[in-house]
Amino acid sequence: MHVLPQHMRASPGPINHAAWVGPVISALGFITYFGVAVRFPDLRDSAVVNLALIVGGAAIAGWGLLRRRNWRSWIGFAAASGLALLFCTYIFFFTRHLPSPDTAPVVGGMAPPIELPDQSGRVVSLDGLRRMSMLDNPDGGRVLLVFYRGFW
Amino acid sequence: MVAVSVDTIEENARLAERLGLEFPILSDVQGNAIRVWGVVHENAKPGGGAIARPAIFLVEPDGTISWRRLTEDYRVRVRPEEILGVLRRAN
């Protein structure tokens, strides 16, 4: 019977932990950004903690691949680096891809009128709100207008 | 204070009740006010449709704008502390 020399046989060896620890850390970093960090402005705005977890996980998976080039290491590295690429695209390109605000009124300019229904269906106008807040406070009459993306 | 989005009146009623909000939340389903104010983000709604980019304006009693913040990254919004600081200085 022909037997392969020792160095050519697949050695069982110790488990290559980096191949699964890397993608797990990346996945945790990814999931906790959208599940946890978005509720905390400091974590959400810079995203540095989650970015470090996701990219660090991909680096660990890459190290695992260097140590042992088998299909498990390749899958681990592909998963972790895929998440890292997706997250970087999201925070460095996607959320910054906003239209130019050229037509938005500038400081010193006049506020365009607004007339829309509120949560009870009653039609509210910006002029009306200014007059109302003037009644509350004769020195006031200011309105803070907040546009937001909505919950759809 | 008044908020504007493209959500329906019913969605805004649920939101106000859930969070206990007492200020008006205006429903601009057609996106008309959002377009007039130049804060539209076209095709940003999943499945298509325009929504508002996050933007804040302070409107004075004479109808002029004295402060505004238009974010360059919709993940990054104005913090409440910054808004309160602006209002304190304005009064």
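**Exercise 1.** In this predicted model, find the residues in contact with Val39(B), leaving aside its neighbours within four places in sequence.

*Solution.* Contact here requires C-beta atoms within 7 Å. Start with chain A: Val39(B) is in contact with Pro101(A), Ala104(A) and Phe147(A). Then take chain B, where the contacts are Ile34(B), Ala52(B), Arg53(B), Ala55(B) and Leu70(B).

**Exercise 2.** Determine which residues of the largest nonpolar core touch the most other members, and which elements give two or more residues to this core.

*Solution.* The core holds 28 residues, and those touching the most other members are Phe147(A), Val4(B), Ile34(B), Val39(B) and Ala52(B). Next, list the elements. Chain A gives two or more residues from each of α5 (126-136) and β3, and chain B does so from β1, β2, α2 (32-36), β4 (51-52) and β5 (55-59). Finally, compare the shares: β5(B) supplies the largest, 5 residues. Another core, of 19 residues, lies apart from this one and includes Leu53(A), Ile54(A), Phe77(A) and Phe87(A).

**Exercise 3.** Trace the strand pairing of β1(B) with β3 of chain A and with β2(B), then give the hand of the crossover from β1(B) to β2(B).

*Solution.* First, pair across the chains. Strand β3 of chain A (residues 143-147) and strand β1 of chain B (residues 2-5) run parallel and are joined by 3 bridges. In this pairing Leu145(A) stands opposite Val2(B). Second, pair within chain B. There, 3 bridges link β1(B) to β2 (residues 25-27), again in parallel, with Ser5(B) opposite Ser27(B). Third, follow the chain from β1(B) through helix α1 (residues 9-19) of chain B to β2(B): this β-α-β crossover is right-handed.

Conventions: Residues are numbered from 1 along each chain as its sequence is written. Chains are lettered from A and ligands numbered from 1 in the order in which they are written. This is a predicted model: local features need pLDDT of at least 70, side-chain atom pairs count only at pLDDT 80 or more; totals for chains, interfaces and linings use all residues. Two strands pair if DSSP finds at least two bridges between them. Helices (H or I, at least four residues) and strands (E, at least two) are DSSP runs, numbered from the N terminus. A crossover is right-handed if, with the strands pointing away from the viewer, the path from the first strand over the helix to the second runs clockwise. A nonpolar core is a set of buried Ala, Val, Leu, Ile, Met, Phe, Trp, Tyr and Cys residues joined through C-beta atoms within 7 Å. A residue is buried if 20 or more other C-beta atoms lie within 10 Å of its own, exposed if 12 or fewer, and partly exposed in between; C-beta atoms are placed from the backbone. Two residues are in contact if their C-beta atoms, placed from the backbone, lie within 7 Å.
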